[in-house]
Amino acid sequence: MTAAGTAAPTTTPMTRREFLYYVWSASMALFMAEFGGASLWFALPRFKPGEFGGKFTLPVTEIPSIDSEPKDYPAGRFWLVNLGSKRATDSRQPADYPVQEGVMAIYKVCVHLGCLYKWVLVNDRFECPCHGSKYLATGTRVDGPATRNLDVFIMRALDDQGNELAKTQAGDPTHDPKAGAPFVLPSGTVFIEVDTSKRIQGGYNTKPGGGK
Amino acid sequence: MTVRVVIGTVIVAVTMMITAFVMVNEPNRMKEFEEGYQGRSIEAGAALYQTNCKGCHGVQGEGIEGVGPALNARDLFDGRRLEEIGWAGTGADYVESTIAGGRPRASASFSNYPQRMPTWSQEFGGPLRVDQIRNLTDFVLNWETTAMAQPAETATPNPNAAGTNLNVELPVGDAATGEQLFNGKVTGQYPCSACHSLQPNQTVVGPSLAGIATTATTRVDGYTAEKYIHESIVLPDAHIVEGFNPIMPKTFGGQMTKQDLADMIAYLMTLK
Amino acid sequence: MAIFKLHLPIVDDIKQKGLKPALLAKVDDAVTRFTAGLGIGDIRGVLRGDPAPRPNPRVKPHSEGFWFHMRPTYYHNLVTPLYPEFRLGWLSVYFMVFETITGVFLMVFYTPSPQAAFENMLNIMSNVPLGLFMRDLHRFGAEAMVLVVALHMLRTYLTGNYKKPRQFTWFTGNVLLWVTLALSFSGYLLPWDQLSLWAVTIGASMVEAIPTPYPLNLLGDKFFGDQYFIGTMINNLVRGGPQFNDNGLLRWYLLHVLGLPLVGFIFIGVHYYKVVIQGHSLPPEAEKVGEDTAKRVPMDQRTYFMPDVITRELFYVALVTFICVFAVTLGGYRAPLEPHAEPLITPLHTTAPWYFLWLQGMLKVGDKVFWGLIAPGIIINTLFVLPYIEVGPSRRYADRRIGLTVSMAACIVLSMLTFMGTPWYAVSSSADQEVIAEIVPQTHPGPLRMTPWDELTVGTFEARNWESVKSPELQELLKEYEHAVEIAQAKDKESKFNNLEGILIIEDWQDGLKKITVRVTWQDSTGNREASQDVYLHRDSNYGG
């Protein structure tokens, strides 16, 4: 055979040897894929409980009293809020994001560009020192350049045996008002567990004064 | 050549299967490994405890009266001790930080343990590495099962202790045993001879006890010699001899059993 | 109306030839560029085993590409079978790459500090998925690499491939041997457990033995107060202090991950370049004495790289990878991890890694300056310059009887020295310590720790009554104990240990924790004596066995 090999590669039929080479290459490609997946699994960081990125288990006594100011939990990078009727019926709350009563764990990082916002007692709201985003204790944005509400961590209420009694619902708060919503602690709750590896992004909120 | 291709494919496939098998078992293996090393940490802690801790805290963590509190004790694990001293963190943190930093002074409700606990962690000038502190912590915390199996009780002092009540009934004392106690030969505890000489007019730290049986009758009106000696041991500040400071330990009442006290009084009464 | 026209050549092609042929041509073009000269059809031709067309496009990746540039386009038929090379050079490079890859994975989770290193090892093995797998692979590869490199050197010597014109290749190969040994040795220190610290301390201590010659020692005495200052200084450089500590670990880590690999890759480059440019030597019997015809390979003696050699190489990659994976999984190879390094306690029977046992054996013979520095120095340097002093023109085995005999004798002596380096030779403490160390060694788990926890029933057991014990595992342990006692008693020629007996006392100590006392009793001139060691064993601590 002469230079015919280069001319029309699609016309010459595959030989058995050629086919076996392709099978071998496929097996090596699969092995590389398995190796790649294993490498990813190898390299992804894992967090122990009590480490940010892991789960924090707190006694239920750590929850602040109803409608009081949010409680700072710096090790887990979240605020614990207990929303009662006063906060649920706050006139500043945008109508697009009605509030349920209950507890939630709000991520301390502002959803604008990553600074840690503060609780300003005088104004009864969260205010971010970097670019002025402002949020209510419910986590809803009411002012500033942020484009969504504050993120919350998935929280579970556990009894003394460790059984789950209630849990923050996952989902997208922009479309589902129940996603990330606070829940009332069921009776018999002894511990709450905040999972800082599971974060629900706040709903879309860019209207002046707050709202979608 | 073709053979090589085929065998090569088979080898790659087998390698993939072995790797997949390893990956599937991995979470279990990691957990077992962690438990295994937790076990090894406890083993290392046990050895370190024998070398460094049993002298004050007892071979099985039962504590030594007046020297070191019990570690194999229910109140360490059920939260009572933490509450008493107002510790805000976890019990594990309490144990670890105590071992690491030691105790320069007894904590408030542990005045019956006047001795200082040495600093152990190299971070603070002690002899042990951080991982050794962790080992010791794991070993102490491993007493939880046996400690929690103990009956819950309020922190009553040793019921056999002589206590500070002068009217407590004492058994018959044996002067020979008392002499051994005086010199610290029996348990190594309270060697009175460390502070009180038996030579007349010789002061070591406290007053000489030569002829104390006679002197004791003259010290306080209305006191028998035995009563005076009894009071001087369990409530040392009651009647300080002139020229001496009130530094005699006040813990002997809690440390000595009634029998010990009786033996000691019997012995001292022989020193006419 | 088009405001601007987009001119895409591909669109023209499609219009001209039709969609499928145009795309195919594009792909073919991309493949040709990627492989530096082979189109789809050429590759297919290679895979089918077609004879090479003229002009041969298969040489282009070698002549014009980067990755294949150093690989030869063809080999002589006589060097492609297993003999004479046994693929050992290829295996050495394979393991270098293998170690680099597994090593980089481990680097993700390792910190070179005495405070963190051991903890990192535990983390890798307990909290990183496939961490133990990666570590075992790395350790296995390291030991295999040392073996392969040593065998490669032996083979090269036996076939006389160090002779003219390949003297410099041999020289670079010796450099690579020491790079390999240094890599293995520096890696040994990194886990920072008792074995690491003390094995490497022993190895590095020879540096301290470097003598300070007259008159430097007087100068040293005057200015530094240390007449052995050269040895001290080099020791401080190597260990980062009088003993291994933070500095030392960091230095050896940098050597291990940066310095030595850099030197290694450079020298591999030089070494391999020379091998290819001069051609792989033919077997000695195939050439005329004194001639080197390796480079001129007649057309009918050629085995081409593509497809033959590359297929074989891919096959070997698959095979050796499989062997490594098998070894650390089903084969049961486990990299050991002893307890945390204790700079103030040297375990009994500490030993160097196996490839340095010969050196440890030499050190047991006599003065450490001669046997630790001068003699090894002479041997190593002789090997380096061997081709420049051994200049006989013939590579034939029959013409090199002296050389071959010397090398075989050297191998035998090396084996003897290796045995002498083991702890069982000329290093022993008293009989009681030896017996106890047999049951609870300080360098590895040992029989007691490997006995299943539940079989260690509470009680006092005398070793000589092993037969009366019900549990088979406990019986086995006590039998071994009794055996150790008997051996120690037999070795006791001076009758210092009469009626040597062993006892095992097992107590429940804590929840899931047992205390075992290994006690040895005997009588001597002063009366009844005993020695004991306490060991604590937890139910979960799995020592294997």
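Between chain A and chain B of this predicted model, two residue pairs are in polar contact, with both partners at pLDDT 80 or more. Salt bridges add nothing here: the count between chain A and chain B is zero. The contact itself draws on 14 residues of chain A and 16 residues of chain B. The size of an interface is often given as the accessible area lost when the parts come together. By that yardstick, chain A and chain B bury about 1400 Å² between them, and carbon and sulfur atoms carry 76% of it. If you would like a place to look on the chain A side, try W24(A), E34(A) and W41(A): they supply 39% of the area that chain A buries against chain B, more than any other three residues.

Now let us turn to the contact of chain C with chain B. Here 38 residues come from chain C and 38 residues from chain B. The area buried between chain C and chain B is about 3400 Å², with 64% of it given by carbon and sulfur atoms. Polar contacts across the interface of chain C and chain B amount to 13 residue pairs, again with both residues at pLDDT 80 or more. Several elements of chain C each supply at least two residues of the side that touches chain B: the helices α6 (117-127), α7 (131-158) and α13 (305-328), together with the strands β4 (498-510), β5 (513-524) and β6 (527-538). Among these, α13(C) makes the largest share of that side, with nine residues.

One salt bridge is counted between chain C and chain B. Its side chains belong to R129(B) and E342(C), which meet at 3.8 Å, N to O. Since a salt bridge needs a side-chain nitrogen of Lys or Arg within 4 Å of a carboxyl oxygen of Asp or Glu, the pair of R129(B) and E342(C) at 3.8 Å meets the cut-off.

That brings us to charge pairing in the whole assembly. Side chains of opposite charge can pair when their charged atoms come close. Over all chains, the rule gives 33 salt bridges. One of them joins E18(A) to R44(C), whose closest N and O atoms are 2.4 Å apart. This pair crosses between chains, running from helix α2 (residues 16-43) of chain A, which holds E18(A), to helix α3 (residues 40-48) of chain C, which holds R44(C). Both E18(A) and R44(C) are buried.

Other salt bridges stay within a single chain. In chain A, D124(A) pairs with R92(A), and their closest N and O atoms are 3.4 Å apart. D124(A) sits in the loop between β5 (118-120) and β6 (125-127), while R92(A) sits in the loop between α3 (85-88) and β4 (102-107), so this pair ties together parts of chain A that are 32 residues apart in sequence. D124(A) is partly exposed at 23% relative accessibility, and R92(A) is partly exposed too, with a relative accessible area of 31%.

Chain B offers a pair between two helices. E96(B) forms a salt bridge with R134(B), with 3.3 Å between the closest N and O atoms. Because E96(B) lies in helix α5 (residues 91-101) and R134(B) in helix α6 (residues 130-141), the pair ties together parts of chain B that are 38 residues apart in sequence. E96(B) is partly exposed, at 22% relative accessible area, and R134(B) is partly exposed at 34%. Returning to the pair that crosses from chain A to chain C, salt bridges that share partners join E18(A), R44(C), R48(C) and D50(C) into one network.

Finally, have a look at the surface of chain C. A nonpolar patch is formed there by F168(C), L262(C), V263(C), I266(C), V270(C), V385(C), Y388(C) and I389(C), with about 700 Å² of accessible area together. The elements that give two or more residues to this patch are α12 (246-278) and α15 (368-389) of chain C. The largest share, four residues, comes from α12(C). Y388(C) is found in helix α15 of chain C, and at 44% relative accessibility Y388(C) counts as partly exposed.

Helix α12 of chain C is also the place of L255(C). L255(C) is partly exposed, with a relative accessible area of 38%. Leaving aside neighbours within four places in sequence, L255(C) is in contact with L260(C) and P261(C). The C-alpha atoms of L255(C) and S532(C) are separated by 42 Å, and these residues are 277 residues apart along the chain.

Notes
Residues are numbered from 1 along each chain as its sequence is written. Chains are lettered from A and ligands numbered from 1 in the order in which they are written. This is a predicted model: local features need pLDDT of at least 70, side-chain atom pairs count only at pLDDT 80 or more; totals for chains, interfaces and linings use all residues. Side-chain values use heavy atoms; hydrogens and water are left out. Patches are made of residues with over 30% relative accessible area and no salt bridge: like charges are joined within 9 Å, nonpolar side chains (Val, Leu, Ile, Met, Phe, Trp, Tyr) within 5 Å. Accessible areas come from the Shrake-Rupley method with a 1.4 Å probe; for residues, only the protein chains shown count as cover. Buried means under 20% relative accessible area, exposed over 50%, partly exposed in between (1.4 Å probe, protein chains only). Contact means heavy atoms within 4.5 Å. Buried area is the accessible area (1.4 Å probe) that two parts lose on being put together, summed over both. A polar contact is a pair of N or O atoms within 3.5 Å; within protein, one must be able to donate a hydrogen and the other to accept it, and residues adjacent in sequence count only if both atoms are side-chain atoms.
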